[in-house]
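This report walks through the charged pairs, the aromatic pairs and the nonpolar core of one protein chain. Keep the structure open while reading.

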Amino acid sequence: MQGELELASRPGRDREELSAALGRASEEAARLTRLANDLLLLARSDEEQLEAHAEPMALRPLLLESARAFAGKAEEVGVTFRVEASDELVALVDSDRMRQALDNLLHNASRFAPVGSEIVMAASARGHDLVIEVSDSGPGFPPDFLPHAFERFSRPDSGRARAGGGTGLGLSIVQAIVTAHGGKALAGNRAEGGATVTLELPGAVVAP
């Protein structure tokens, strides 16, 4: 970012070059801001200060909101989203934190899902426990990555992804958010192919 700004300040740059340099610097500033916020969230989790302000929430609208937010990205990479959740399913969750977890999972899935395939977000009740699953039909998690899936800065082979890898913090943040809800996150591969991440929140479902 500093290099881009130094180039932009040199004499003789035309408006188009200045605009391009400032645009790249702005993108880098946004990336660094996201990274700083992610690290702050994980630091709070380490100190057991990450709180989930859980309130009764209909799950289907929450999942649909995440899918709508990624509609542009989905069109760009050639995938679609499908939401599977009953209209009657209500659970105690922090909607903002859960959206953050779902957004991270959709971002990961959209990097690996093949063009023309479908990413599925499903929420269901197992007794009074809430189970949320995000699945794709991509190459799945490498077996040697699964034991380390939720470790910070751990990333699967980037050659399997459509685009370059991120910071390796996405699944760590998902785990921190689910832990703040008193639950756990699991990563695995589907028998029919593709990866799935499961969020289990014990006792979260509100009886109708």
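Glu-65, Arg-99 and Asp-103 are linked in a network of salt bridges. The model behind this is predicted. Within the network, Asp-103 bridges to Arg-99, with the closest N and O atoms 3.1 Å apart. Both residues sit in helix α5, 4 residues apart, which is about one turn of the helix. Is Arg-99 buried or exposed? Arg-99 counts as buried because its relative accessibility is 16%, and the cut-off for buried is under 20%.

A search of the whole structure finds 7 salt bridges. Arg-82 takes part in two of the pairs described here: one with Glu-84, the other with Glu-118. The table lists three bridges, including the one in α5.

| Acid | Base | Closest N and O atoms |
|---|---|---|
| Glu-84 | Arg-82 | 2.0 Å |
| Glu-118 | Arg-82 | 2.8 Å |
| Asp-103 | Arg-99 | 3.1 Å |

What does the pair of Glu-118 and Arg-82 tie together? Glu-118 lies in strand β4 (residues 118–126) and Arg-82 in strand β2, so the bridge joins parts that are 36 residues apart in sequence. Accessibility around Arg-82 can be read residue by residue. Arg-82 is partly exposed, at 33% relative accessibility. Glu-84 is partly exposed too, at 36%. Glu-118 is also partly exposed, with a relative accessible area of 32%.

Strand β2 also supplies a ring. The count of aromatic pairs comes to 2. One of them joins Phe-70 and Phe-81. Their centres are 6.4 Å apart, and the planes meet at 85 degrees. The pair is therefore edge-to-face, since an angle over 60 degrees counts as such. Phe-70 lies in the loop between α3 (59–69) and α4 (71–77), while Phe-81 belongs to β2 (residues 80–84), so the rings tie together parts 11 residues apart in sequence. Phe-70 is buried, at 14% relative accessibility. Phe-81 is buried as well, at 19%.

Next, the nonpolar core. The largest one has 44 residues. Which members touch the most others? They are Leu-59, Met-98, Leu-130 and Leu-199. Helix α5 (residues 95–112) gives the most to this core, with 6 residues.

Met-98 merits a closer look. Leaving aside neighbours within four places in sequence, Met-98 is in contact with Leu-62, Val-93, Ile-132, Ile-177, His-181, Leu-199 and Leu-201. One of these partners, Ile-177, is a buried residue of helix α6 (residues 170–180). Other buried residues of α6 include Leu-171, Ser-172, Ile-173 and Val-174, along with Ala-176 and Val-178. After α6 comes Gly-182, whose phi is positive, near 80 degrees.

Finally, the chain as a whole. The protein chain has 6 helices and 7 strands. Along the sequence they follow the pattern α-α-β-α-α-β-β-α-β-β-α-β-β. Of the 208 residues, 38% are buried. Among contacts with a separation of 6 or more, 70% link residues 24 or more positions apart. The accessible surface comes to about 11300 Å². Carbon and sulfur atoms account for 50% of that surface.

In brief, helix α5 holds both Asp-103 and Arg-99 and also gives the most residues to the largest nonpolar core. Strand β2 holds Arg-82, which pairs with Glu-118 in β4, and Phe-81, which pairs with Phe-70.

Methods. Residues are numbered from 1 along each chain as its sequence is written. This is a predicted model: local features need pLDDT of at least 70, side-chain atom pairs count only at pLDDT 80 or more; totals for chains, interfaces and linings use all residues. Side-chain values use heavy atoms; hydrogens and water are left out. Buried means under 20% relative accessible area, exposed over 50%, partly exposed in between (1.4 Å probe, protein chains only). Helices (H or I, at least four residues) and strands (E, at least two) are DSSP runs, numbered from the N terminus. A nonpolar core is a set of buried Ala, Val, Leu, Ile, Met, Phe, Trp, Tyr and Cys residues joined through side-chain atoms within 4.5 Å. Contact means heavy atoms within 4.5 Å. Rings of Phe, Tyr and Trp (its six-membered ring) pair if their centres lie within 6.5 Å; planes under 30 degrees apart count as stacked, over 60 as edge-to-face and the rest as tilted. Accessible areas come from the Shrake-Rupley method with a 1.4 Å probe; for residues, only the protein chains shown count as cover. A salt bridge is a side-chain nitrogen of Lys or Arg within 4 Å of a carboxyl oxygen of Asp or Glu.
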